[in-house]
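The following exercises concern a protein with a bound ligand. Please work through each task before reading its solution.

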Amino acid sequence: MTEAEFLTSTRASYDAIADDYVAFARDDLAAKPMERAVLAGFAEYVRAAGGGPVADIGCGTGRVTAYLHGLGLDAFGIDLSPGMLAAARRDYPELRFEEGSMPALDLPDGKLGGVLAWYSTIHVPGERLPEVFAEFHRVLAPGGEVLLAFQVGDGVLRLEEAIGHSVALDFNRWQPDRIAELLADAGLAVRAKVWRERDTEGDVKERTPQAFLLARKAAG
Ligand SMILES: C[S@@+](CC[C@H](N)C(=O)[O-])C[C@H]1O[C@@H](n2cnc3c(N)ncnc32)[C@H](O)[C@@H]1O
């Protein structure tokens, strides 16, 4: 069976920008107190539920995996793009990074304390999101937490250029309430919805507001 076109084009696009993405994103979290607060809340909930490994799915260059590690979590990264993974392994040799893709994760059932998808489900077409969230539910232990970050909006933004490279990248925008419904349908009950207005003052002028959704698999 041939691979879905969205995976092939997303992988090739991130392979093309990987080396420049490191510098592009390096200072991002340092300049974003809301994001750091959301990640800290996620880490506390994971610890309160008993810890367990946390998969950063769509980890890219590993910067957020490393941030979670710094918060005391047993975090590892999974990504579609060998180029992004090479940068992650180079910059964070003490952490584990594996190649893999949503929706089919090469992980056992029910073992993870947490799943982070930080601006990665944005590249999954809407009709495939139910499968992705079902997969997150499958790999989480009872009581496990999931945190998503994504741009708020409607429809798809197609980028043909990013950080000076030719790409073919679709950014799927969503309203947080719709994502919350899909998570609930997959058995992941939303416990927090954070909406942040777009930042037009930082180095990168954001096009949209940002959303962060925290959800939990039932304790069983
Ligand atoms: C915008 S980047 C975010 C990277 C990282 N989370 C960060 O915040 O720096 C999106 C990442 O998701 C990965 N990705 C996109 N679709 C994926 C899929 N279906 N499975 C696994 N990773 C995926 C891309 O390769 C890319 O590294």
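**Exercise 1.** Which of the 20 residues around the ligand come nearest?

Solution. The model is predicted, so local features need pLDDT of at least 70 and side-chain atom pairs pLDDT 80 or more, whereas totals for chains, interfaces and linings use all residues. Residues are numbered from 1 along each chain as its sequence is written, and side-chain values use heavy atoms, without hydrogens and water.

Step 1. Among the 20 residues around the ligand (a heavy atom within 4 Å), the nearest are Gly-58, Arg-63, Asp-79, Met-102 and Trp-118.

Step 2. Polar contacts are pairs of N or O atoms within 3.5 Å. A polar side-chain atom of Asp-79 lies 2.6 Å from a ligand oxygen atom, and one of Tyr-21 lies 3.0 Å from a ligand oxygen atom.

Step 3. The protein covers 97% of the 590 Å² of accessible area that the ligand has on its own (Shrake-Rupley method, 1.4 Å probe).

**Exercise 2.** Determine how strand β1 is placed.

Solution. Strands are DSSP runs (E, at least two residues), and helices are runs of H or I with at least four.

Step 1. In β1 (residues 54-57), Val-54 and Asp-56 on one side and Ala-55 and Ile-57 on the other are all buried (under 20% relative accessible area, 1.4 Å probe, protein chains only).

Step 2. Strands pair if DSSP finds at least two bridges between them. β1 pairs in the parallel sense with β2 (residues 75-79) over four bridges, and Ala-55 stands opposite Phe-76 in β2.

Step 3. β1 also pairs in the parallel sense with β4 (residues 112-118), over three bridges; Gly-114 is the bridge partner of Val-54.

Note on methods
A polar contact is a pair of N or O atoms within 3.5 Å; within protein, one must be able to donate a hydrogen and the other to accept it, and residues adjacent in sequence count only if both atoms are side-chain atoms. Buried means under 20% relative accessible area, exposed over 50%, partly exposed in between (1.4 Å probe, protein chains only).
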